[in-house]
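Trainee: I should like to learn how to read the features of this model. May we go through them in turn?

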Amino acid sequence: MVIPTLNEAQNIPWVLRRMPLYVDEVVIVDGRSTDNTVGVAQALRKDIVVVNEPRKGKGVALRSGFAAATGDIIVMLDADGSMDPREIGWFISPLQHDYDFVKGSRYVTGGGSEDLTWLRRTGNRALTGLANAVLHSNYSDLCYGYIAFRRECLEVLQLESDGFEIETELIVRAAKAGLRIAEVPSLELNRISGASNLQTFRDGWRVLGTMAHECLLWEAPTAGARPEALRRVKYAYANVSFPRTPTDPMSVLPAISVA
Ligand SMILES: Nc1nc2c(ncn2[C@@H]2O[C@H](COP(=O)(O)OP(=O)(O)O)[C@@H](O)[C@H]2O)c(=O)[nH]1
Ligand SMILES: [Mg+2]
């Protein structure tokens with residue numbers, strides 16, 4: 001489990017409390033938070049692995065986290081409460097059935113989003129269509145970073161992005177490499193508190209730039225090269241509601257004694 005965190009002290013408790021018991025390693029990547037995110041996380045989960053990454057960017061953070069993770073399966077998840085750790089089971093089961101790379105999708109039955117504006121939805125749809133045309137893939141949701149994969153995939157993917165475009169890089173290279181890819185439904189929730197670090201236009205352009213860079217000199221495999229590569233599975237799960245309020249970081253930290 002790799003979770004990049006940037007000032008998520010109010011949100012990380014919800015995430016850690018909803019972590020299924022079978023997740024045996026949680027890595028958070030921090031280095032730039034000023035709100036004691038790390039202290040809160042450590043207070044809630046004693047065995048949490050903290051990777052210090054002072055450089056800016058979600059891509060940098062994820063790459064450091066992947067390098068530190070030791071599990072056979074790596075799941076990447078945001079710390080802001082927009083992705084529910086209780087969905088992890090949906091991501092794991094295709095990996096136990098021959099798939100290499102499993103992506104959450106907000107657009108298959110059972111998935112959805114509370115967080116998408118019209119602009120982002122339209123931008124994502126256009127970028128997804130473009131990626132599918134170039135890659136001969138059938139992704140339904142390109143710009144969504146709830147992803148699980150076998151650790152061996154890192155050798156194939158050779159990630160190098162620094163910012164939010166790391167998600168595009170992962171997805172595009174997974175398709176180019178002919179990994180067996182599944183999409184499972186995921187419900188994107190609103191971030192519990194705080195503001196997003198994503199800027200629609202700046203990051204949209206970076207996604208496009210990454211895609212162009214990745215695809216320009218790539219020759220798509222001829223028909224039938226690996227027909228099973230982009231099989232998709234669809235699952236549906238019950239829509240449950242639960243209270244989501246920011247946690248006061250002080251409530252989870254041990255009492256500080258004043259001398
Ligand atoms: N370590 C680290 N984490 C980051 C950085 N930028 C974003 N994140 C984390 O990446 C995740 C996604 O960021 P967010 O701002 O919610 O972007 P959005 O979900 O795409 O709107 C969150 O868990 C953030 O805390 C960064 O520069 N360093
Ligand atoms: Mg977010």
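Trainee: How do the residues of the shell around ligand 1 divide by character?

Mentor: Ala, Val, Leu, Ile, Met, Phe, Trp, Tyr, Cys and Pro count as nonpolar, Asp, Glu, Lys and Arg as charged, and the others, Gly among them, as polar. In this predicted model, the shell around ligand 1 holds seven nonpolar, five polar and nine charged residues. Local features here need pLDDT of at least 70 and side-chain atom pairs pLDDT 80 or more, while totals for chains, interfaces and linings use all residues. Residues are numbered from 1 along each chain as its sequence is written, with chains lettered from A and ligands numbered from 1 in the order in which they are written.

Trainee: Which residues come nearest to ligand 1?

Mentor: A residue is near a molecule if its C-beta atom, placed from the backbone, lies within 6 Å of it. Of the 21 residues around ligand 1, the nearest are Pro4, Ala61, Ala79, Ser196 and Asn197.

Trainee: Which residues of helix 5 are buried?

Mentor: Helices are DSSP runs (H or I, at least four residues), numbered from the N terminus. A residue is buried if 20 or more other C-beta atoms, placed from the backbone, lie within 10 Å of its own, exposed if 12 or fewer, and partly exposed in between. In helix 5, Gly123, Asn124, Thr128, Ala131 and Leu135 are buried. They lie on the same side of helix 5 because they cover an arc of only 135° around the axis, taken from the directions from the helix axis to the C-beta atoms. The face turned away from that side carries the exposed Trp118, Leu119, Thr122, Gly129 and Ala133.

Trainee: What follows helix 5?

Mentor: His136 follows helix 5, with a positive phi near 55°.

Notes. Helices (H or I, at least four residues) and strands (E, at least two) are DSSP runs, numbered from the N terminus.
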